[in-house]
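Me: I am new to this structure and should be grateful for a close look at a single part, the surroundings of the ligand. Please set out the contacts in a connected account, and add a few notable residues at the end.

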Amino acid sequence: MKFLVLNGPNLNLLGVREPGIYGSVDYDGMVRITRQECAKLGIETGFYQSNHEGDLVDAIQAARGRFDGIVINPGAYTHTSIAILDALKAVAIPAAEVHISDVTKREAFRQVSYAGMACCVHVIGQGVAGYAIAARQLKEKIEQAE
Ligand code: CA2
């Protein structure tokens, strides 16, 4: 099974600023941890991060036929992007939403998740460990559906 782990704007700054909210593991560390934990579960991973909405839409479209699942943290686009929601729906690849911070306890504008509406798994507030947790849950959902 092969998953695309997709990250949106500013997540390349992980570990650099705001460690109180996002932790101290940097983006490369998150990739290492997630790849390692997923490998233990028999999940191969590809990673992509962009600060640009259209690039994320392109990456979702390009995942068709190449990945069995998408683990996505759309960053701030979570709360604004109908384009990312539409892309996830269009490709119909099973998807899991991840948020490092507990968005449910943050500002009102973070309470809406458009991308989440196309996801069958939601892992929120588990830090960077959330990516591997989401991958495991997504794998289980896919296997249950088979
Ligand atoms: O909690 C999450 O994972 C978020 O998706 C992160 C987004 C935020 O807009 C969402 O509401 C919740 C922001 C990512 C910004 O990442 C930074 C990392 C380090 C330093 C500054 C920003």
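**The ligand and its surroundings**

Reply: In this predicted model, an oxygen atom of the ligand lies 2.6 Å from an N or O atom in the side chain of His 79. A second histidine also takes part: the side chain of His 99 has an N or O atom 2.9 Å from an oxygen atom of the ligand. Arg 110 contributes as well, with a polar side-chain atom 2.8 Å from a ligand oxygen atom. Taken alone, the ligand would expose 510 Å², and the protein buries 94% of that area.

These contacts belong to a wider shell. In total, 17 residues surround the ligand, and the closest are Asn 73, His 79, Ile 100, Ser 101 and Arg 110. By character, the shell divides into eight nonpolar, six polar and three charged residues. The space that the ligand takes is the largest pocket.

Several of the elements of the chain can be followed through a serine in a loop. Ser 81 is placed between strand 3, which covers residues 69–73, and helix 4, which covers residues 82–91. Ser 81 counts as buried because its relative accessibility is 0%, and the limit for that class is under 20%. The side chain of Ser 81 makes a polar contact of 2.5 Å with the side chain of Glu 53. A polar atom of the Ser 81 side chain also lies 2.9 Å from the backbone nitrogen of Ile 84.

Beyond helix 4 comes another loop, which leads to strand 4 (95–99) and holds Ala 92. Most residues other than glycine have a negative phi. Ala 92, however, has a positive phi near 55° and is not a glycine. Ala 92 counts as exposed because its relative accessible area is 60%, where the class requires over 50%.

A comparable backbone feature is found at Glu 18. This residue is not a glycine, yet Glu 18 has a positive phi of about 50°. Glu 18 is located in the loop that joins strand 1 (2–7) to helix 1 (19–22). With a relative accessibility of 44%, Glu 18 counts as partly exposed.

To return to the part requested, the side chains of His 79, His 99 and Arg 110 each place a polar atom by an oxygen atom of the ligand.

Technical notes. Residues numbered from 1 in each chain as written. Predicted model: local features only at pLDDT ≥ 70, side-chain atom pairs only at ≥ 80, totals over all residues. Heavy atoms only, no water. Near = heavy atom within 4 Å. Polar contact = N/O pair within 3.5 Å; in protein donor to acceptor, adjacent residues only side chain to side chain. Areas by Shrake-Rupley, 256 points an atom, 1.4 Å probe, with all protein chains shown as cover. 1 Å grid on protein atoms, 1.4 Å probe; cavity = no way out; pocket = protein on both sides within 12 Å on 5 of 7 lines; lining within 4 Å. Sits in = over half its atoms within 2 Å of the grid points. Nonpolar A, V, L, I, M, F, W, Y, C, P; charged D, E, K, R; others polar. Helix = DSSP H or I, 4+ residues; strand = E, 2+ residues; numbered from the N terminus. Buried < 20%, exposed > 50% of the residue type's maximum accessible area, 1.4 Å probe, protein only.
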